[in-house]
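User: Could you take one part of this model and go through it closely, strand by strand and loop by loop? After that, I'd like to know how that part sits in the rest of the assembly.

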Protein chains: 2
Amino acid sequence: MMMALETPGLLSLAAGFTDNKTLPVAEVRAAVDALAEQPGEPEYLQYGTNRGRPGLRRLLAERLVAMEPELASETELSAGMMVTNGSQQALYLAMQVLCDLGDIVLVDRPSYFVFLEMLAGLGVQVRSLPLDAAGRIDGAALRRLLIEMEARGETKRLKAVYFVSYFSNPSARSLDEGEKNAVADVLAERGMIIPVLEDAAYRDLYYRQPFPARSVLSLPAWRAFPKFYLATLTKSFATGLKVGYGFCSDRSWLDKMLHVKGHHDFGTTNLNQAVLEQVLSNGGFEAQLARIRPAYEAKMRSLHDTLVAGGLAQLGWRWAEPTGGLYLWLEAPHSLDTTMNSAFCHACVHEGVLYVPGDLCFGDAAPKHFVRLSFGVLGGEELVEAGRRFVAVAKRFG
Amino acid sequence: MMMALETPGLLSLAAGFTDNKTLPVAEVRAAVDALAEQPGEPEYLQYGTNRGRPGLRRLLAERLVAMEPELASETELSAGMMVTNGSQQALYLAMQVLCDLGDIVLVDRPSYFVFLEMLAGLGVQVRSLPLDAAGRIDGAALRRLLIEMEARGETKRLKAVYFVSYFSNPSARSLDEGEKNAVADVLAERGMIIPVLEDAAYRDLYYRQPFPARSVLSLPAWRAFPKFYLATLTKSFATGLKVGYGFCSDRSWLDKMLHVKGHHDFGTTNLNQAVLEQVLSNGGFEAQLARIRPAYEAKMRSLHDTLVAGGLAQLGWRWAEPTGGLYLWLEAPHSLDTTMNSAFCHACVHEGVLYVPGDLCFGDAAPKHFVRLSFGVLGGEELVEAGRRFVAVAKRFG
């Protein structure tokens with residue numbers, strides 16, 4: 001796969017990279033200029049603190065309150081905030097301090113495949129949150145799963161629940177409040193007040209309007225649970241700056257993560273944090289979001305329309321048109337194997353188009369007929385051509 | 001300690017921060033300007049690769065060959081190079097993949113205290129490399145230690161040897177080739193071909209001339225050992241950019257570290273790497289070194305002279321005048337306790353001066369009468385005043 005990715009002429013609908021054309025060159029340059037012209041010592045070029053710049057943490061807290069006004073009463077919001085090397089480090093730290101070898105984490109279905117790989121690396125097992133026929137989280141089925149786990153003596157090893165709740169990677173789907181509440185209610189009913197990780201990495205990447213669900217931080221059903229809400233500033237701004245963050249409601253959990261972060265790197269790069277602090281303060285961050293939202297919507301529509309026009313739906317493929325995020329999540333006909341070593345996957349590479357096999361995104365009982373297509377990187381004619389190549393292969397296998 | 005650090009008026013000879021006055025504001029700004037003006041897509045604002053920018057890794061390999069020409073035959077030098085979030089992450093990854101709970105690492109005496117804390121966090125034990133009366137590594141004593149460890153069945157848990165070999169934190173001492181060779185010879189004699197970590201974080205921070213010892217990468221005595229040579233670009237350039245690196249001679253060890261790095265963050269911030277690539281290419285990096293070397297020498301001498309003029313040596317304190325690095329390493333009279341909760345330490349805080357208690361820098365059998373003073377941050381009158389305060393307390397306890 002890595003070799004294929006470097007072959008010229010290949011078009012990648014696999015890479016989770018973001019759009020190069022809209023990267024905020026001028027904003028980053030202006031932020032560095034402004035920092036250079038500040039009076040006083042250039043502290044942004046010096047070590048920062050392990051937890052992150054106080055000014056940035058305050059801005060992040062304010063931004064969270066703007067999205068969820070109930071949190072205004074949460075006076076400790078910036079005290080519970082930590083800045084990380086991308087949201088990936090936040091995920092790693094959370095799992096490293098919560099889980100030992102053989103422990104179990106509940107995950108959404110499908111889920112973020114880098115998170116699943118990381119859990120595998122830590123020797124942590126996974127159970128998927130069951131879905132109903134409509135594809136929504138099924139509380140009754142979750143109850144049955146937890147009862148089975150109890151019967152097998154597994155629940156003492158159940159250490160956390162994780163979901164990507166806004167325009168998810170890979171499914172582009174968002175969880176509504178009812179789904180999140182169902183998870184909390186069933187866990188509480190079974191006496192399992194375990195830590196919850198809500199991964200909001202794509203929350204800012206809506207096309208027209210924010211998804212209207214509050215996070216677990218505001219939902220009363222989650223009040224008793226230790227909560228870690230994490231996201232990234234740079235997925236939507238510039239991934240080359242890699243600044244993530246998390247708000248943790250539980251002091252002991254947070255302290256353990258900060259302790260390990262002290263050993264990983266004792267603080268996220270200060271320059272990058274200072275640049276983000278600048279653009280959050282001067283409106284550059286929101287301006288960049290305003291620029292990329294229609295750009296991604298246009299790219300989504302371009303790929304979607306290419307698949308439709310090519311007749312993919314008539315071949316039995318199904319997908320929803322997303323309202324945010326960077327992915328189309330395709331369900332192929334059940335009989336079609338789209339996994340990494342399948343004939344279909346090889347045919348796509350041969351045709352010059354790459355995708356992420358969907359089975360990688362399932363924690364357990366992975367179906368073999370899903371596909372993640374990303375329209376993050378490609379644009380214009382290349383994106384259309386990549387879509388055409390994909391449809392051409394699908395037709396051959398249809 | 002953290003509270004004390006935030007009290008106004010306190011002068012810190014404890015913090016391992018670097019000099020604010022000489023930070024390369026213009027160089028960083030110019031590098032970002034140059035990146036912004038490059039034709040083509042602004043890839044430096046996009047995700048990079050897990051292993052680090054190819055151009056930067058090539059420059060790092062060239063720089064290493066310039067220091068150790070024997071390595072020119074090492075064609076795989078840039079292939080064995082990985083870029084990390086500061087050298088701290090390189091240390092963490094190396095230990096995470098080599099050691100399990102209860103394993104043992106040999107360390108220099110004294111050693112880098114953040115590394116020792118990290119090992120404690122990972123549940124890894126430590127044995128110090130024994131020193132002779134002159135303070136040099138003692139091969140015969142190391143042989144006796146290894147034989148004792150064999151007798152206790154401990155050597156199967158011995159997983160690595162670590163040392164800070166140039167202008168060390170905390171001792172400012174460098175290891176000569178004879179000392180490094182003695183370690184390799186005794187380990188080889190006992191049949192213990194274990195991984196070696198050479199931490200060269202301060203190698204560039206000499207005042208007048210480089211310390212003339214080659215690294216383990218070039219020394220024939222270490223040829224059979226898996227080697228990880230690690231350092232940082234930003235300790236000497238700008239710590240706020242946090243770009244470290246390591247060259248690993250062992251493909252399997254390197255691959256394991258890269259695998260875990262993929263889970264930590266899947267790549268060090270690309271912008272920061274691109275800035276370093278710029279300043280390494282255009283001479284800005286070496287110019288900055290040329291600026292700070294005499295600046296740190298002058299600060300070292302200012303603090304050293306203040307201690308001498310105050311009469312600290314007459315009170316029985318001993319220290320060497322360093323030829324590089326950021327620290328004075330003081331041995332107090334044996335009867336004086338300088339640990340964190342000692343009367344001496346409290347008196348220093350009360351007098352308004354902070355230091356790092358030396359016992360924190362020993363992996364085992366820590367003596368209580370050492371002190372690390374850093375002249376990294378303070379300068380001018382503040383540095384002199386901090387030195388005077390320290391001597392005033394020493395006199396009271398003398």
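Analyst: Let's start with a β-α-β unit in chain A: strand E5(A), helix H7 (residues 177–189) of chain A and E6(A) make up this unit, and it is right-handed. Keep in mind that this is a predicted model.

First, the strand pairing. E5(A) pairs with strand E6 (residues 196–199) of chain A in the parallel sense, over 4 bridges. One spot to click on is A:Tyr162, whose bridge partner in E6(A) is A:Leu197. E5(A) also has a link to strand E3 (residues 104–107) of chain A: the two run parallel and are joined by 4 bridges. A:Tyr162 turns up again here, as the bridge partner of A:Val107. So how enclosed is strand E5 (residues 158–164) of chain A? Of its 7 residues, 6 are buried, so the strand is largely enclosed by the rest of the structure.

Now follow the chain into the loop between E5 and H7 of chain A, because two backbone oddities sit there. As background, most residues other than glycine have a negative phi, and most peptide bonds are trans. A:Phe167 is found in this loop, and it has a positive phi of about 50 degrees although it is not a glycine. A:Phe167 is also buried, as there are 25 other C-beta atoms within 10 Å and 20 are enough to count. A little further on, A:Asn169 and A:Pro170 are joined by a cis peptide bond, with omega at about 15 degrees. A:Pro170 lies in that loop between E5 and H7 as well.

Chain B gives you a second crossover to put beside this one. There, strand E3 (residues 104–107) of chain B and strand E4 (residues 125–128) of chain B run parallel and are joined by 4 bridges. Between E3(B) and E4(B) the chain passes through helix H5 (residues 113–121) of chain B, and this β-α-β crossover is right-handed. For a residue to anchor the view, take B:Leu106, which stands opposite B:Arg127 in E4(B). The loop between E3 and H5 of chain B holds B:Pro110, and the peptide bond from B:Arg109 to B:Pro110 is cis, with omega near -5 degrees.

Further along chain B there's an open sheet of 3 strands, in the order E9-E12-E11, with antiparallel pairing. Strand E9 (327–331) and strand E11 (356–357) of chain B stand at the edges with a single partner strand each, so one side of each is left without a neighbour in the sheet. E9(B) pairs with strand E12 (residues 370–374) of chain B over 5 bridges, in the antiparallel sense. Within that pair, B:Trp329 stands opposite B:Arg372 in E12(B). The loop between E11 and E12 of chain B carries B:Ala365, which has a positive phi of about 45 degrees although it is not a glycine. Unlike the buried A:Phe167, B:Ala365 is exposed, with 8 other C-beta atoms within 10 Å.

On to packing. The largest nonpolar core has 250 residues, and those with the most contacts inside it are A:Leu13, A:Tyr355 and B:Leu13. If you set aside residues up to four places away in sequence, B:Leu13 touches B:Val353, B:Leu354, B:Tyr355, B:Leu373, B:Ser374, B:Leu378, B:Ala386 and B:Phe390. Of these, B:Leu373 and B:Ser374 belong to strand E12 (residues 370–374) of chain B.

Finally, the two chains together. 41 residues of chain A are in contact with 40 residues of chain B. Helices that each supply at least two residues of chain A's side are helix H2 (25–37), helix H4 (86–98), helix H5 (113–121), helix H8 (251–264) and helix H9 (270–281) of chain A. The largest share, 6 residues, comes from H2(A). By class, the side of chain A that touches chain B has 17 nonpolar, 17 polar and 7 charged residues.

As for how the copies relate, a turn of 180 degrees and a shift of 0.0 Å along the axis lay chain A on chain B with an RMSD of 0.0 Å. That is the relation of a two-fold axis. The same surface serves both copies, too: 98% of the contact residues of chain A recur in chain B.

Conventions
Residues are numbered from 1 along each chain as its sequence is written. Chains are lettered from A and ligands numbered from 1 in the order in which they are written. This is a predicted model: local features need pLDDT of at least 70, side-chain atom pairs count only at pLDDT 80 or more; totals for chains, interfaces and linings use all residues. Two strands pair if DSSP finds at least two bridges between them. A crossover is right-handed if, with the strands pointing away from the viewer, the path from the first strand over the helix to the second runs clockwise. A residue is buried if 20 or more other C-beta atoms lie within 10 Å of its own, exposed if 12 or fewer, and partly exposed in between; C-beta atoms are placed from the backbone. Two residues are in contact if their C-beta atoms, placed from the backbone, lie within 7 Å. Ala, Val, Leu, Ile, Met, Phe, Trp, Tyr, Cys and Pro count as nonpolar, Asp, Glu, Lys and Arg as charged, and the others, Gly among them, as polar. A nonpolar core is a set of buried Ala, Val, Leu, Ile, Met, Phe, Trp, Tyr and Cys residues joined through C-beta atoms within 7 Å. Copies are superposed by least squares on the C-alpha atoms of residues with pLDDT of at least 70 in both.
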